[in-house]
Every structure is written in C-alpha cells, then in structure tokens.
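Okay, thanks for coming, everyone. I'd like to walk you through one structure today, mostly its charged residues and its metal site. Let me put it up.

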Amino acid sequence: MTKKMDKKTRDELIAKADKLLKYETGKVITWCGNCGNYGIQNAFMRALVLEGLERKDFALFFDIGCSGNGADKFEANTLHGLHGRTISTAAGAALANDKMKVIAFAGDGATFSEGVNHLVHGVRNNFPLVFVHHNNENYGLTIGQASATTRCGVKMNGTPDGVVVEPINPLQFVLSLDPTFVARGFSGDVDHLTELFRLALRHKGFAYLEILQSCPTYNRTTPEDWYASRVKYVEDLKDYDCHDIWAARKLVQDMDKEIYLGLIYENNGRKDFLSLQKSREGRETSLVEEVRRYDVRALI
Ligand code: SF4
Ligand code: MG
C-alpha cells in the first residue's frame with residue numbers, strides 16, 4: 001500500500017525538475033541495489049524543491065553508517081561527522097544560524113546506541129532542527145550486526161543464535177520525552193515520505209522523523225514487502241487527533257501488524273530552545289552575524 005502524490009504537487013515537481021538535478025553530485029553511489037536509502041534521498045530532494053529551499057537556505061549533517069554515505073551525494077553544505085554525534089553538531093549550527101534550516105541524518109545504531117544521549121537532550125531542549133532516523137534495524141555499513149532496533153530472535157552477524165532481547169520502540173521512546181513533532185515514513189513510499197519531509201521542514205523545533213528503511217542485504221526479516229503489507233496511514237484514521245500524546249503512544253505500540261505512517265504527534269505550544277533565550281529577545285540578527293573579530297596578538 002502506498003499513498004500517491006496529488007496531481008497539482010506532481011505537476012509542480014515536474015515543472016521544477018531542473019532544480020532537483022542541482023542537488024545531485026554525480027559521485028559514485030556506494031549503496032547496494034534496492035537499498036531504501038535511494039527512496040529516502042529522493043523524497044528529501046523533492047521536499048527541498050517543493051519547499052523552495054535553495055542551497056544557501058539549509059545545511060545537512062550526516063552520521064556514520066550507510067545513511068551517512070548520503071553526504072557524498074548532495075551538492076549542498078554538508079558535514080559528515082563522528083558516529084553518534086550528528087545531533088549535537090547540527091544543534092550547534094542551528095543555534096548559531098537560525099536563518100538556515102538544519103537537517104541531521106543518522107541510522108538506528110547512531111540514534112539508539114552511540115548517540116542516544118544526544119537524542120534525549122535534542123528532544124528535551126527542542127533544538128530547532130529536523131532529525132531523520134533511518135531505521136533499517138541493523139548496522140549495515142559494518143556488515144549486518146544487531147542494533148537496538150533489531151527484533152528479538154533475529155540472527156545477525158555477531159549474534160548467530162539470534163538477538164535475545166526485545167528492541168527499543170523508537171516512537172514510544174521519543175514520545176516519552178515530551179517532543180514537539182513526531183512522524184514516521186517508509187522508504188518504499190516516496191510520495192508520502194516527501195510530504196512528511198515537507199511538514200518536518202516547516203516545524204519550528206525538534207522534528208523527529210523515523211523512516212522504516214529496507215536493507216535488502218542484511219535485514220531479510222523485515223524486507224520492503226513485509227512493511228508494504230503492514231503499513232497504514234494516520235490520514236485514513238477517522239477522529240485521530242495528532243495533538244493527543246496518549247492517542248499517539250497507543251498508536252505506535254504495535255510494530256508488527258499495523259504500523260502507522262504519517263504525522264503521529266505535534267505540539268506547537270512549546271517554544272524551541274533558541275526562542276526561550278532571554279539574550280536573544282528582540283534580535284533580528286543570528287549569532288554568526290554577531291561574531292566580532294579581535295586582534296589578540298598584543299595579548300600573546
Ligand atoms: Fe543499504 Fe543495507 Fe546495503 Fe547499507 S547494507 S547500503 S542499508 S542495503
Ligand atoms: Mg542501521
């Protein structure tokens with residue numbers, strides 16, 4: 001099951017096809033055939049174009065992992081940083097320059113193991129950035145070890161007898177931290193994912209977007225068709241209120257049978273970290289514009 005883009009948006013995208021190509025570096029792609037990263041990258045580029053964002057308007061931060069290798073493919077301001085540290089680096093950039101959209105990408109290893117502390121404080125502080133979690137349920141770049149989101153019983157390299165503990169439920173985890181934006185997409189539904197990226201880009205605060213990503217090389221337990229036969233859409237739910245955190249927590253409990261995609265939760269009543277700073281009140285300039293240069297040679 002997939003959701004199709006409406007005709008008006010599709011026509012707009014076709015009319016702006018030349019802008020899409022501007023974001024491609026043309027470098028050799030290292031992802032495996034049919035990797036879900038292609039769909040994610042495609043949806044993200046479409047969203048940039050549809051939101052009218054030019055190269056000067058945004059900066060991209062990549063963690064280590066297969067998702068991180070996306071850094072090579074974007075003709076844009078990119079930084080490919082340390083493992084598990086993409087949220088902290090991106091937060092620094094977002095606070096220094098609030099006139100630029102900041103988007104950070106990381107896999108499930110970086111998000112829920114090496115960098116889980118940064119995720120906690122990113123959500124808690126409501127830093128003004130978009131965080132994209134590529135959830136392929138394993139460490140793909142290092143040839144298929146179990147991560148914190150690998151399902152119990154699954155045999156991976158490094159755990160040949162099967163994982164013995166239950167996985168983290170990413171959305172339950174994030175919803176427990178009083179977030180302001182939580183959404184979930186699927187790499188096999190590019191049209192729908194494009195719209196989720198657009199919503200996340202418009203959010204003022206920490207926008208958490210989980211993407212169920214197929215990894216045909218190492219994750220054979222939940223391949224693309226496994227997800228495709230289970231995903232459902234929040235938009236099709238009558239009476240679902242995405243401002244009700246308890247409704248959201250109930251909705252994301254099931255990770256096996258009915259997996260809901262869409263805008264799961266939004267709270268626009270909580271200010272982002274920068275807006276809460278007294279020292280920033282009434283300022284038209286961003287911090288980077290206020291940097292002064294001093295000659296310190298006389299002090300040395
Ligand atoms: Fe994609 Fe998996 Fe290959 Fe990595 S290992 S590039 S996630 S298919
Ligand atoms: Mg992974």
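**Charges, a metal and a helix**

Let's start with D272, which is buried, at 3% relative accessibility. One thing to keep in mind as I go: this is a predicted model.

So what does D272 pair with? It forms a salt bridge with K204, and the closest N and O atoms are 3.2 Å apart. The two come from distant parts of the chain: K204 sits in the loop between α8 and β6 (207-212), D272 in the segment after β8, and they are 68 residues apart. Now, K204 is exposed, with 60% relative accessibility. So here we have a buried acid joined to an exposed lysine.

Staying in that part of the chain, have a look at R270. Its side chain meets that of D178 in a salt bridge, 3.5 Å from N to O. D178 is in the loop between α7 and β5, while R270 is in the segment after β8 (259-266), so this pair ties together parts that are 92 residues apart in sequence. Both partners are partly exposed: D178 has a relative accessible area of 38%, and R270 has 21%.

For another pair, take E12 and K16, which form a salt bridge with the closest N and O atoms 2.9 Å apart. E12 is partly exposed at 29% relative accessibility, and K16 is partly exposed too, at 24%.

How many salt bridges are there in the whole structure? A search finds 21. Some residues join up in a network, namely E51, E195, R198 and R202.

That network takes us to α8. The helix has 13 residues and reaches 19 Å from its first C-alpha to its last, which is close to the 18 Å expected at 1.5 Å a residue. Is α8 mostly buried or exposed? Of its 13 residues, 10 are buried, so the helix is largely enclosed by the rest of the structure. Among the buried ones are H192, L196, F197 and L201, and R198 from the network is on that list as well.

Just ahead of that helix is a residue I'd like you to look at, D189. You'll find it in the loop between β5 (181-186) and α8 (190-202). D189 is buried yet has no salt bridge; K4 is the nearest side chain of opposite charge, and it is 5.9 Å away. A salt bridge needs the nitrogen within 4 Å of the carboxyl oxygen, so K4 doesn't make the cut. What does lie by the D189 side chain? The backbone nitrogen of H192 is 3.3 Å from one of its polar atoms.

Last stop, the magnesium ion, ligand 2. Which protein atoms hold the donor positions? They come from D108 (OD), N136 (OD1) and N138 (O), and they lie 2.1 to 2.3 Å from the ion. Note that N138 donates through O, whereas N136 uses OD1. Along the chain, the donors follow the spacing D-x27-N-x1-N. D108 lies in helix α5 (residues 108-114) and N138 in the loop between β4 (130-135) and α7 (170-175), so that pair ties together parts 30 residues apart in sequence. As for accessibility, D108 is buried at 1%, and N138 is buried at 2%.

That's my tour, so over to you for discussion.

Notes. Residues numbered from 1 in each chain as written. Chains lettered and ligands numbered in written order. Predicted model: local features only at pLDDT ≥ 70, side-chain atom pairs only at ≥ 80, totals over all residues. Heavy atoms only, no water. Donors = N, O, S within 2.8 Å, 3.2 Å for Na, K, Ca; no water. Helix = DSSP H or I, 4+ residues; strand = E, 2+ residues; numbered from the N terminus. Buried < 20%, exposed > 50% of the residue type's maximum accessible area, 1.4 Å probe, protein only. Lys, Arg positive; Asp, Glu negative; His and termini not counted. Polar contact = N/O pair within 3.5 Å; in protein donor to acceptor, adjacent residues only side chain to side chain. Expected span 1.5 Å × (residues − 1).
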